[in-house]
Amino acid sequence: MSILVLAEHHDGQLAAATAHVVAAAQAIGGDIDVLVAGENVGAVADAAAKLDGVNKVRVADHAVYAHQLAEPMSALLAELAGGYSHVLAAASTTGKNILPRVAALKDVAQLSEVLEVVDADTFKRPIYAGNAIATVKSADSLKVITVRTTGFDAVGASGSASVENVDTVVENTQSTFLKQELAESDRPELGGARVVISGGRGMGSGENFKLLDGIADKLGAAIGASRAAVDAGFVPNDMQVGQTGKIVAPELYIAVGISGAIQHLAGMKDSKVIVAINKDEDAAIFQVADYGLVGDLFEILPELESKL
Amino acid sequence: MKVLVAVKRVIDYNVKIRVKPDNSDVDLTNVKMAMNPFCEIAVEEAVRLKEKGVATEVVAVTIGAKAAQEQLRTALALGADRAVHVETDERVDSLAAAKLLAKVVEEEQPQLVILGKQSIDTDNNQTGQMLAALAGLPQGTFASEVVVEGDKVQVTREVDGGLQTVELSLPAVITTDLRLNEPRYAKLPDIMKAKKKPLDVKPAADLGVEVQSRLTLLKVESPAERKGGIKVGSVDELVDKLKNEAKVL
């Protein structure tokens, strides 16, 4: 078996997600190649070559792959996929955008958000917002898979794979990148943080999210939010944890003023330890929380910050 | 221009699902069904494009058993002009759905196809991208804003770090994210009028698409239950538990 992993990268840096996808590839077994496609991605390729278990890094460096638009990226992957039994990418917005297009071009089904490898053909994945886990077997000769990164521990970075260029250049006349507006944050990335503290509608306003800052600084935590907090305009939507936002599984998840709707639980219930702070003692969040504290978050948060 | 909107009948998002005792699937008998929430947003966007004078006709399409016509009637009540029901009793996976939709696209020749980004039952997030690939069209996935200008469409997409805007040549495929719009409710007179709007039924078998999936569902299980936690009485106790019992601080 041979596996091609699509590297995830942003701003010239290899994203942490890639090391998790390589781990999933190792669970399948076989030779693992990593494809780095983009513009000026030399540093990304060097970082990918250090990932443990990688056989070879293939680099497609060309302006047409800048911003990894779905149309040229899927055409490139469909062309390279012929030599592989599996094509993997992170179940990030990049992977979800590109891989189904690759699968359709190759006339195979796709397995989304795989969280466990049973064998090379059989995988577990969540359905119904994580309220059921399906075991699915694929009879396709090529398996196209997006990987839920929180399901696999990242591989180390002590390898030294060879790096080779891919000369394939595809045309793209259908789509053009215009701009991007990225939310600024000095904190760890939500998906990879060891600790996440999230606020919900109970925070009352965007201004009050500042109450989480001090605690997040002390714990080295990322700050998240429930959909209700995003919809109320308190914080930008890339902070959203849930079925329609980011799926996280940190060691410690602190939910503040979050009721615990199914939609939200789908995004965080695999966290190792869950703490809920809520004034409503009947809130659904207490049913999944390891430690619950009933009370006014405006009193509890400053006290918690001072005692950490 | 013509806009095609794909909708799916799914379990209502408020229902707490149950896995069948034999672990063959999720139990859907006597469960409330509804239009997938992302599809509602797709219908709303199409209707708004019509209200702005950008779209001239909105066609709703669904794939599934006869009962799915209920969701097509909902789309008609919300403002779609006519509906197409691709009828099949088979379990249709994303690839088969995309192939069937590609046939409808070929026949209808819409300038824009709008789908939800994912259905809340299978959580696949594939059909729109697959349809775009099969129909040879560009794609604007996870859209939070759609602006049609001449023969192009600008789509602002929700990506992991924030927002990205791309420009696509028409015809194109768009999938909706939650913040694209706030779907309206169907009014009673519109529900009555929707009963008279045209609804065309096509047996899936007539479209010449192999719907047999190469994916086999072996088992469906409930996720591991979290064991019930405890309530603590104070911040001091919480910090102590996190440090000494859970050892995460």
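Reader: Which residues of α6(B) does α8(A) meet here?
Author: This is a predicted model, so take the contacts as computed. On the α8(A) side, the residues are Ile300(A), Glu303(A), Leu304(A) and Lys307(A). Across from them, in α6(B), stand Val235(B), Asp236(B), Leu238(B), Val239(B) and Lys243(B).

Reader: And how do the residues of that contact of α8(A) with α6(B) divide?
Author: There are no polar residues in the contact. What's there splits into five nonpolar and four charged.

Reader: Why are α8(A) and α6(B) called oblique to each other?
Author: Helix α8 covers residues 297-307 of chain A, and helix α6 covers residues 235-245 of chain B. Their axes are 10 Å apart, and the crossing is right-handed. Angles from 35 to 65 degrees count as oblique, and α8(A) and α6(B) are therefore oblique to each other. The packing angle behind that is about 45°.

Reader: Let's go to the pair of α4 helices. Which hand does the crossing of α4(A) and α4(B) have?
Author: Helix α4 of chain A is residues 93-105, while α4 of chain B is residues 127-135. Their axes come within 8 Å and cross at roughly 45°, and the two are therefore oblique to each other. As for the hand, the crossing is right-handed.

Reader: How many residues of the contact of α4(A) with α4(B) are nonpolar?
Author: From α4(A) come Lys96(A), Asn97(A), Pro100(A), Arg101(A), Ala103(A), Ala104(A) and Leu105(A). They meet Gln129(B), Met130(B), Ala132(B), Ala133(B) and Leu134(B) of α4(B). Two of the contact residues are polar and two charged, and the nonpolar ones number eight.

Reader: α4(B) also packs with α3(B), so at what angle?
Author: Helix α3 of chain B spans residues 94-108, and its axis and that of α4(B) are 8 Å apart. The two helices are therefore oblique to each other, and their crossing is right-handed. The angle is about 50°.

Reader: Which residues of α4(B) make that contact?
Author: On the α3(B) side you'll find Ser94(B), Leu95(B), Ala97(B), Ala98(B), Lys99(B), Leu101(B), Ala102(B) and Val105(B). The contact of α3(B) with α4(B) divides into nine nonpolar residues, two polar and one charged. The α4(B) part is Thr127(B), Met130(B), Leu131(B) and Leu134(B).

Reader: Now the sheet: which strands stand at the edges?
Author: The open sheet has four strands in the order β8(A)-β9(A)-β10(A)-β12(B), with antiparallel pairing. Each edge strand has a single partner, so one side of each is left without a neighbour in the sheet. Those strands are β8 (116-119) of chain A and β12 (215-221) of chain B.

Reader: By how much are neighbouring strands of this sheet turned against each other on average?
Author: The sheet draws strands from both chains, since its order runs β8(A)-β9(A)-β10(A)-β12(B). With direction ignored, the average turn between neighbours is 30°.

Reader: Which residue in β10(A) stands opposite Pro126(A)?
Author: Strand β9 is residues 122-127 of chain A, and β10 is residues 132-138. They pair in the antiparallel sense over six bridges. Opposite Pro126(A) stands Ile133(A).

Reader: What does UniProt list for residues 3-181 of chain A?
Author: Over that span the chain is 25% helix and 36% strand, with the end C-alpha atoms 33 Å apart. The UniProt record, an unreviewed entry, lists it as "domain: Electron transfer flavoprotein alpha/beta-subunit N-terminal".

Reader: Which residues of chain B does the UniProt annotation "domain: Electron transfer flavoprotein alpha/beta-subunit N-terminal" cover?
Author: In chain B the annotated span is 30% helix and 31% strand, and its end C-alpha atoms lie 24 Å apart. According to UniProt, again an unreviewed entry, the annotation covers residues 23-211.

Terms used
Residues numbered from 1 in each chain as written. Chains lettered and ligands numbered in written order. Predicted model: local features only at pLDDT ≥ 70, side-chain atom pairs only at ≥ 80, totals over all residues. Heavy atoms only, no water. Axes fitted to C-alpha atoms, helices over the stretch in contact; angles between N-to-C directions. Parallel < 35°, antiparallel > 145°, perpendicular 65-115°, else oblique. Left-handed = near helix turned anticlockwise from the far one by under 90°. Contact = heavy atoms within 4.5 Å. Nonpolar A, V, L, I, M, F, W, Y, C, P; charged D, E, K, R; others polar. UniProt positions renumbered as here; feature names shortened; annotations may be inferred. Pairing = 2+ DSSP bridges.
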